[in-house]
Amino acid sequence: MIDRLSSTAASAAGRPPEPPPGGPRGSRRWVKVLPFLAVAAVVVGVGCLALAAGLGLDGTLVLSALFALGSLALWGSYRLLRVVLWSVGRRLAFTYLLIGVLPIPMAVVLVGVGLYLSGGFFLGHLFRDANAVVYEQVRTAAETRLEQPRSVSMAPSAGLEVAVAYYLEGRRVGGDARAPIQWPSWLEREVLQSEEGIDRRDRTPPLVALPDGDLTVATAKSRGSVGVVAFFDGHLETRLRELSQVWIDFGAEQEEQAKNSMDVNILGERFVLQPLSRQRAEDDRRQFLSRGGAEPAFWVYGFDVAGESLSLATGELESANLPVSLVGTPRLVLGQLFSSSREVDTLAWVTFVIPAFLLFDIFVVAWVMAVFMVFGLSRAVNRLSAATNALQLGDFSVRIPVRRRDQIGSLHASFNEMAASLEDLIATKTQKESLEKELEIARELQESLMPNEIVQGKDVEFATHFEPSAAIGGDYFDILRLDQRRMAVVIADVSGHGLSAGLRMAMVKAALGILVEEEREPQIILERLDRVVRSSKKGPSFVTATLALLDLVDGRIELVNAGHPPTYILRDGEVNEVMLPGAPLGALGDDYGRATIELQPGDSVVWLSDGFIEAANPSGELFGYERTVECLRGNGRNATMVRDRLLDEVSLYTEGCPPEDDRTLVVMSFRPREP
């Protein structure tokens, strides 16, 4: 993760990052393109429609053009919404507009439409109720005349005019001449079928047409051979208007319907749209509905069906469903709904006003909370987005002021902690890279301290190996040519690892190089080197070392050991372990082990550090001295072969695990010249 962040910061220094898809740059591009697409869609749609109309084609091309136009409009709307709603604040505002604002006017409109339709239905109820009242009075008059056939006259009930005709043995014998001559048995059957429905208020009484075409309400009653036919003798529409206070207008003639209707032809299908209400007698309607007050701002329109219209003379059907146009005022509807008593009106309004007031209060509180939420979240997201962009550009010092005590504030605090952690990690990585560079320089310096070219001669052959366990090791070896006859071999191990051990190793090398050139006795060389190690101001440090002085002419090797692992002599396939106990350099005392060995032609001498002895396998078991001796047995005439054999065995034993301690190896094969 640190690598990605550092690479991001490095690349950000060269060029700015690409904006996210749908970001501000993409928004400006689409906002410029969308108007042209919309204009092109409108032009294409209008062109297709005009071409279809000019060529007289069917609706297939029109539908195709509309489908293409609708698809393009949907695609453009989707792209526009995606661009506009890229910001979280805009998305929240748009969501609240859809959920919290638009439903209110839509609900108000829906309630208004519902109330308007309910008012139209209520006008129909008033019409049917008034029609039933008229029929009830006509029926009462017929029953009264049937019981008193000899009565010469009868006063109209409640101002209702009723015409009566008398029948005997099925023929009219007196009364109104507009009644049929023969007894209208069909009317009696119709009355018997509809009276039950009138009581339930789910059917209107039958309407009949007089010989002059006027509509009226009629009934027929008979008892034995005597019968009475009664019908309303007046203008039925006027009477119903007075009873219901609603402007009632029965269906217009077919000529007027055909005149005011509208024919629409869509895809070969003919649709006839008739007007909901007629404009006939417009002045009379306004005058009628404006009685007792000013003319209302709008009318309440209703539509009902009066049922069948039959001929009074023959009973033939003249109209199957006679339409009725109804016009009222809001004041009339409200007055009829709340007309029982003042107490009932007060209770109804209180029942309505209290929930409405509570709903309004809740909406205001929700609106205020939504406004604060939208602005607060938008500002918080904008701050987080700006801080993220700064972090992406490599500014890891950016912080967000934490002013909220909610989840957003916790998110801001988490971002600040993350930014601080990233800043520390970047600083740590920078320091680590700097340290690695310094260690690389120190490693190169240490490698330069090692002998670049092993001193070879006609009498000896050397093979070496140096493998530090860390970037800088604490082991050291050197092969010095003192003169034509004598050589010095040194192997040392400084306690510890890393840079401090490497520095001490460099100090030991420098001091040892000077001492070897000045002194001839190995014992004195180590004693003086011990004083150099003790003089270090970095605290106590120990150095194990083995110094070997080789006389090439006599084949004699003089060994001095200061706490270092043993020296191994390989002769005729056998191994001689030369153990020389002694105190390490820098420790208490200067008692060093000494030995002089006479070499024979073909012998090999092996010096190694404890990194080979302490090499462990994955189970943690050490390689040890015994395995070292067993590994060195065999042909020892070739130094390179001996070295490679030991390295292969150790690598096989450790299964390739990295060394936990420095491994240093020097192998010398003694091959003197023939005299």
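## The chain as a whole

The chain exposes about 38,800 Å², and carbon and sulfur atoms supply 59% of that area. These accessible areas come from the Shrake-Rupley method with a 1.4 Å probe, and for residues only the protein chains shown count as cover. Keep in mind that this is a predicted model: local features need pLDDT of at least 70, side-chain atom pairs count only at pLDDT 80 or more, and totals for chains, interfaces and linings use all residues. Residues are numbered from 1 along each chain as its sequence is written, while side-chain values use heavy atoms and leave out hydrogens and water.

Of the 675 residues, 38% count as buried (under 20% relative accessible area; exposed is over 50% and partly exposed lies in between, with a 1.4 Å probe and protein chains only). The chain has 17 helices and 22 strands; these are DSSP runs numbered from the N terminus, where helices are H or I with at least four residues and strands are E with at least two. Among contacts (heavy atoms within 4.5 Å) between residues at least 6 apart in sequence, 67% join residues at least 24 apart.

## A sheet of seven strands

Now let's look at one sheet. It is open, with seven strands in the order 2-1-5-4-3-10-11 and mixed pairing. Two strands pair if DSSP finds at least two bridges between them. At the edges are strand 2 (171-175) and strand 11 (317-319), each pairing on one side only. From one strand to the next, the twist averages 40°.

At the strand 11 end, two bridges join that strand to strand 10 (residues 309-311), and the two run antiparallel. Here Leu310 stands opposite Leu317.

## Following strand 1

Strand 1 is mostly covered, with five of its seven residues buried. Seven bridges join strand 1 to strand 5, and these two run antiparallel; Ala165 stands opposite Val229 in strand 5. With strand 2, strand 1 pairs over four bridges, also in the antiparallel sense, and Tyr166 has Gly174 as its bridge partner in strand 2.

The hairpin of strand 1 and strand 2 has two residues between the strands, and in this hairpin Glu169 takes a positive phi near 55°.

## Helices on the sheet

Helix 5 packs on the sheet, touching strand 1 (162-168), strand 3 (207-209), strand 4 (215-223) and strand 5 (226-232). The direction of helix 5 makes about 35° with that of strand 4. Helix 7 (residues 236-244) lies across strand 3, strand 4 and strand 5, running at about 95° to strand 4. For these angles, axes are lines fitted to C-alpha atoms, for helices over the stretch in contact, and angles run from 0 to 180 degrees between N-to-C directions.

## Rings and charges

The structure holds four aromatic pairs. Rings of Phe, Tyr and Trp (its six-membered ring) pair if their centres lie within 6.5 Å; planes under 30 degrees apart count as stacked, over 60 as edge-to-face and the rest as tilted. The rings of Phe127 and Phe250 have centres 6.3 Å apart and planes at 75°, so this pair is edge-to-face. Because Phe127 lies in helix 5 (residues 103-147) and Phe250 in strand 6 (residues 247-250), the pair ties together parts that are 123 residues apart in sequence. Phe127 is buried, with a relative accessible area of 0%, and Phe250 is buried at 4%.

Charges meet rings too. Arg241 lies over the face of Trp247, 3.6 Å from the ring centre, and the charged end of Arg285 sits over the ring of Trp299, 5.9 Å from its centre. A charge sits over a ring if NZ of Lys or CZ of Arg is within 6 Å of the ring centre and within 35 degrees of the ring normal.
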